[in-house]
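Here's a walk through one protein model, from its overall make-up down to a few residues that deserve a second look. Have the viewer open as you read.

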Amino acid sequence: MPPKQKRREETNKAPIDATLAKHAKETAASEEDVKLESKEAKPEAAGKFSLCTQLTDSSWREALCKEMQEPYFQELEAKLAEAYKGVGEVCPPLHLIFNAFNLTPLDKVKVVIIGQDPYHNNNQAMGLAFSVPKDSKIPRSLYNIYKELENDIPGFSSPDHGCLQHWASQGVLLLNATLTVAQHKPNSHKNLGWQKFTDRVIQIINDKCEKVVYLLWGNFAHKKGELVDKKHVVLKSAHPSSLSFGKFLNCKCFSQANNELEKSGQTPIDWRLPPSTL
């Protein structure tokens, strides 16, 4: 085929809708569906078990490098190396432990939502607090979060899935205080050292970011507010679980967060979630 003709055919194949092309370019990296099948090399096959290799975002790697060399973190790593030898015994899969950090770089953090620990049932934990993969049933707390969003954000309609990657790509750090859990055993890893690590994460955000909005739901998250400097904004409310949903409803935390972002000259979060393509 002559070069000129080949170039003309390639040009004709290019997308003609500039808006869709721009959207695809912006979201391709961060909106790709998370697959929970383990795609990382098994620790015993790859040599020395290393959590650091799962933290791929360069800004967070630089900020947390020294912390990962601390004795408590080395002990945490050793315990997880043993735990992850059993396939499916720990949630989330190894390659998703730092998913929140890899999807939301340090210099992009605008909002922090703090959860307690990952979901502990099959096909749920994906390294983002309150989020589940698109092919997983929506948990009750997230269902209640959607109900408040419908009440609080004009145009919000509850999606048919529970994947919150769209928020993460806009600067919402969905941070669990404990980043791993034994399958079917909630809070089983709370004493491994993760909470010391994530407290350090909050301190780093305090030091390196400006005017971050924290959404703290329930007493556990409220205590984390003590680590947040006054230059940031802390919005407290009840937890969205079934037990306290009556107090969570009408808290208006999402619109308040956007108001605070706009006050500091930042782009508000688009809390709407695209429908599942499954």
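Helices (H or I, at least four residues) and strands (E, at least two) are DSSP runs, numbered from the N terminus. By that count the protein has twelve helices and six strands. What you're looking at is a predicted model, where local features need pLDDT of at least 70 and side-chain atom pairs count only at pLDDT 80 or more, while totals for chains, interfaces and linings use all residues. Residues are numbered from 1 along each chain as its sequence is written, and side-chain values use heavy atoms, with hydrogens and water left out.

**Overall picture**

Of the 278 residues of the protein, 50% count as buried; buried means under 20% relative accessible area, exposed over 50%, and partly exposed in between (1.4 Å probe, protein chains only). Contact here means heavy atoms within 4.5 Å. Take the contacts between residues at least 6 apart in sequence, and 70% of them join residues at least 24 apart.

**The core**

In soluble globular proteins, nonpolar side chains tend to be buried together. A nonpolar core is a set of buried Ala, Val, Leu, Ile, Met, Phe, Trp, Tyr and Cys residues joined through side-chain atoms within 4.5 Å. The largest one here has 77 residues, and those with the most contacts inside it are Trp60, Trp167, Phe197, Ile205, Leu215, Phe254 and Trp271. Helix α9 supplies the largest share of this core, six residues.

Phe197 is a good place to zoom in. Setting aside its neighbours within four places in sequence, Phe197 is in contact with Leu64, Glu67, Met68, Tyr72, Phe73, Phe98, Phe101 and Leu179.

**Two helix pairs**

Two packed helices are described by the angle between their axes and the distance between the axes. Axes are lines fitted to C-alpha atoms, for helices over the stretch in contact, and angles run from 0 to 180 degrees between N-to-C directions.

The axes of α5 (residues 71-83) and α9 (residues 194-208) come within 9 Å and cross at roughly 130°. That makes α5 oblique to α9; angles under 35 degrees count as roughly parallel, over 145 as roughly antiparallel, 65 to 115 as roughly perpendicular and the rest as oblique. The crossing of α5 and α9 is left-handed, meaning the near helix is turned anticlockwise from the far one by less than a right angle (clockwise would be right-handed). On the α5 side the contact is made by Tyr72, Phe73, Leu76 and Leu80, and on the α9 side by Trp194, Lys196 and Phe197. By class, this contact of α5 with α9 has six nonpolar, no polar and one charged residues. For those classes, Ala, Val, Leu, Ile, Met, Phe, Trp, Tyr, Cys and Pro count as nonpolar, Asp, Glu, Lys and Arg as charged, and the others, Gly among them, as polar.

Then there's α7 with α12 (residues 253-263), packed at an angle of about 60° with their axes 8 Å apart. That makes α7 oblique to α12. Ile145, Glu148, Leu149 and Asp152 in α7 meet Cys253, Phe254 and Ser255 in α12. The residues of this α7 and α12 contact divide into four nonpolar, one polar and two charged.

**Backbone oddities**

Most residues other than glycine have a negative phi, and most peptide bonds are trans. Against that background, the peptide bond from Cys91 to Pro92 is cis, with omega near -5°. Pro92 sits in the loop between β1 (90-91) and α6 (99-103). Phe130, not a glycine, has a positive phi of about 70°, and Asn187, also not a glycine, has one of about 65°. Phe130 is in the loop between β2 (111-115) and α7 (140-152), Asn187 in the loop between β4 (181-182) and α9.

**Residues to click on**

| Residue | Relative accessible area | Status |
|---|---|---|
| Phe130 | 9% | buried |
| Asn187 | 27% | partly exposed |
| His120 | 23% | partly exposed |
| Ser141 | 15% | buried |
| Lys224 | 9% | buried |

His120 lies in the loop between β2 and α7. His120 and Lys185 are 65 residues apart in sequence and 6.4 Å apart in space, C-alpha to C-alpha. Beyond its neighbours within four places in sequence, His120 has contacts that include Cys91, Val181 and His184.

Ser141 belongs to helix α7. With neighbours within four places in sequence left aside, Ser141 is in contact with Phe130, His239, Pro240 and Ser241.

Lys224 is found in helix α10 (residues 218-224). Its contacts outside four places in sequence are Ile114, Ala177, Gln195, Asp199, Ile202 and Leu216.
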